[in-house]
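Please look at the chain shown below and follow it strand by strand, then outward to its domains and its ligand. The paragraphs after it are meant to be read with the model open.

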Amino acid sequence: MPGSYGWGMRTRVTDMFGIEFPIFAFSHCRDVVAAVSRAGGMGVLGALYFTPEELETELKWIDDNVGGMPYGVDVVMPASYEGADLGVDSPEDLLGRLQGMIPAGHRSFVDGLLERHGVPPLNGDDAGRALLGWTDATARPQVEVALRHPIALLANALGPPPADVVEQAHAKGVKVAALASTPRHAVKQVEVGVDVVVAQGTEAGGHTGEISTMVLIPQVVDAVDVPVLAAGGIGDGRQMAAGMALGAEGVWTGSIWLTVEEADTPEMARQRILAATSRDTVRSRSWTGKPARLLKNEWTDAWEAADSPGTLPMPLQFMLVSDALRRIGRSDAAELATFPAGQIIGTMNQVKSARQVVFEMIEGYVSAMERLDRITAD
Ligand SMILES: Cc1cc2nc3c(=O)[nH]c(=O)nc-3n(C[C@H](O)[C@H](O)[C@H](O)COP(=O)(O)O)c2cc1C
């Protein structure tokens, strides 16, 4: 089944979505999503940072620019978070109740850290974004918007999506995926009706567990009968081939897209990633309260220092630090600017187009398979 690149690949996942290559690209940037889908893979837009109105604009743009190719949307509906049992439905009420749960000592620790680094205050133009999509209540309006568009996939981070959300997606013919970092998570996800499990190893950027991709994938493949995508540390064709050899039927990637031409990654962050080694990331709770792999720097170090008050549970930690992170982003305090990044950043040394990354991954995959073939043939 040769495609436009001259090679064909076929798994249950390429059949499920009608895509040429089982390469899934998670990105918060619509240009990357559309470019990967147009190149024969599947872009998945992270909805987290968008209000429902902004998400509508982004998805409309993708609809107009994706050339009719399939794409997906990713939301963050954590299975557990502080305030989940308060019985509050409106995001505004929830925000108010949760704000009151942040200790004063934590606020002064953040203020002191920013002051020591000379980070100026915000102009007050970004108020009210502190919750984003980190809770069921705030992610549901995003799901509603997403399901009004011709998406092929709805993915959920941080646990199985609520059963009614899976049903809503299926009723519209939309497949559902969820990220799992243990085989037990994967089984729970399949129990609620998930169609594809993304088995994500600890190497990954963003929220991540403790088990490495190499160890996790075969365990998840053995635990569930739906197709599994390998995630965490996949940035070239050799790693893709390894994931497929472990039993995955495709790969799910994130960090590799941070430095592509199309990405809206701030220039300072792009330069930091291009210069980083694979030792420059750390699993830290300092962003959201749940362990996430971030670029290691003075921000992540400060939360581990002797005078740190410790981190708060999700979503309180992000509510505590979101303004601070925005202030840092707008300042010259590059030493404090952290963001999710996986160990693969150590090999990301050049800016390429998204299409080139897809092409090189397939080319590298084919060479890896040929090399392995030669080993067994001789
Ligand atoms: C900058 C960044 C932000 C991320 N945000 C999310 C998110 O909002 N939702 C999600 O499901 N995964 C998120 N992830 C994880 C990716 O979906 C993906 O599983 C991970 O990047 C794969 O590992 P890799 O970084 O080694 O490619 C994020 C990853 C990165 C690098």
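Strand β6 and strand β8 (residues 228-231) pair in the parallel sense, and four bridges hold the pairing. Within this pairing, Val-197 of β6 stands opposite Val-228 in β8. The model in view is a predicted one, and what follows should be read as a description of that prediction.

On its other pairing, β6 (residues 196-200) is joined to β5 by four bridges, and these two strands also run parallel. Two of the residue pairs can be located by name: Ala-178 has Val-197 as its bridge partner in β6, and Leu-179 has Val-198 as its partner there. Val-197 thus appears both as the partner of Ala-178 and as the residue opposite Val-228. To pass from β5 to β6 the chain goes through helix α8 (residues 183-191), and the β-α-β crossover made in this way is right-handed.

How buried is β6? Five of its five residues are buried, so the strand is largely enclosed by the rest of the structure. The side chains alternate in direction, with Val-196, Val-198 and Gln-200 pointing one way and Val-197 and Ala-199 the other way, and all of these residues are buried.

Strand β5 (residues 175-180) gives a similar account of itself, since six of its six residues are buried and it is therefore largely enclosed by the rest of the structure. Here Lys-175, Ala-177 and Leu-179 point one way, while Val-176, Ala-178 and Ala-180 point the other way, and all are buried. Strand β5 is also joined to strand β4 (residues 153-157), again by four bridges and in the parallel sense. In that pairing, Asn-156 has Ala-178 of β5 as its bridge partner. The connection from β4 to β5 runs through helix α7 (residues 163-171), and this β-α-β crossover is right-handed.

In the loop between β4 and α7 lies Leu-158, a residue that deserves a look at its backbone. Its phi is positive, about 60°, although Leu-158 is not a glycine. Leu-158 counts as buried, because it has 22 C-beta neighbours inside 10 Å, where 20 or more are required for that class.

From these strands one can step back to the domains. The domain assignment divides the protein chain into domain 1 (12-81 + 134-265 + 348-377) and domain 2 (88-123 + 282-346), and the C-alpha centres of the two lie 26 Å apart. Their contact takes 20 residues from domain 1 and 18 residues from domain 2. On the side of domain 1 that touches domain 2, α6 (136-147) and β7 (206-207) each supply at least two residues. By class, the residues of that side divide into eight nonpolar, eleven polar and one charged.

Which domains contribute to the surroundings of the ligand? The shell around the ligand draws at least three residues from each of domain 1 and domain 2. In total, 27 residues surround the ligand, and the closest are Ala-157, Gly-205, Gly-206, Gly-254 and Gly-342. The elements that give two or more residues to this shell are β3 (72-76), β4 and β9 (250-253). Its composition by class is 15 nonpolar, ten polar and two charged residues.

Two further places lie within loops. Arg-285 is found in the loop between β10 (281-284) and β11 (292-295), and it is partly exposed, with 19 other C-beta atoms within 10 Å. Leaving aside residues up to four places away in sequence, Arg-285 touches Lys-290, Pro-291, Thr-311 and Gln-317. The C-alpha atoms of Arg-285 and Phe-318 are separated by 9.7 Å, and these two residues stand 33 residues apart along the chain.

The other loop to inspect contains Pro-315, which is found between α12 (298-304) and α13 (316-329). The peptide bond that joins Met-314 and Pro-315 is cis, with omega at about 5°.

Technical notes. Residues are numbered from 1 along each chain as its sequence is written. This is a predicted model: local features need pLDDT of at least 70, side-chain atom pairs count only at pLDDT 80 or more; totals for chains, interfaces and linings use all residues. A residue is buried if 20 or more other C-beta atoms lie within 10 Å of its own, exposed if 12 or fewer, and partly exposed in between; C-beta atoms are placed from the backbone. Two strands pair if DSSP finds at least two bridges between them. A crossover is right-handed if, with the strands pointing away from the viewer, the path from the first strand over the helix to the second runs clockwise. A residue is near a molecule or strand if its C-beta atom, placed from the backbone, lies within 6 Å of it. Ala, Val, Leu, Ile, Met, Phe, Trp, Tyr, Cys and Pro count as nonpolar, Asp, Glu, Lys and Arg as charged, and the others, Gly among them, as polar. Domain bounds come from an automatic or database domain assignment. Two residues are in contact if their C-beta atoms, placed from the backbone, lie within 7 Å.
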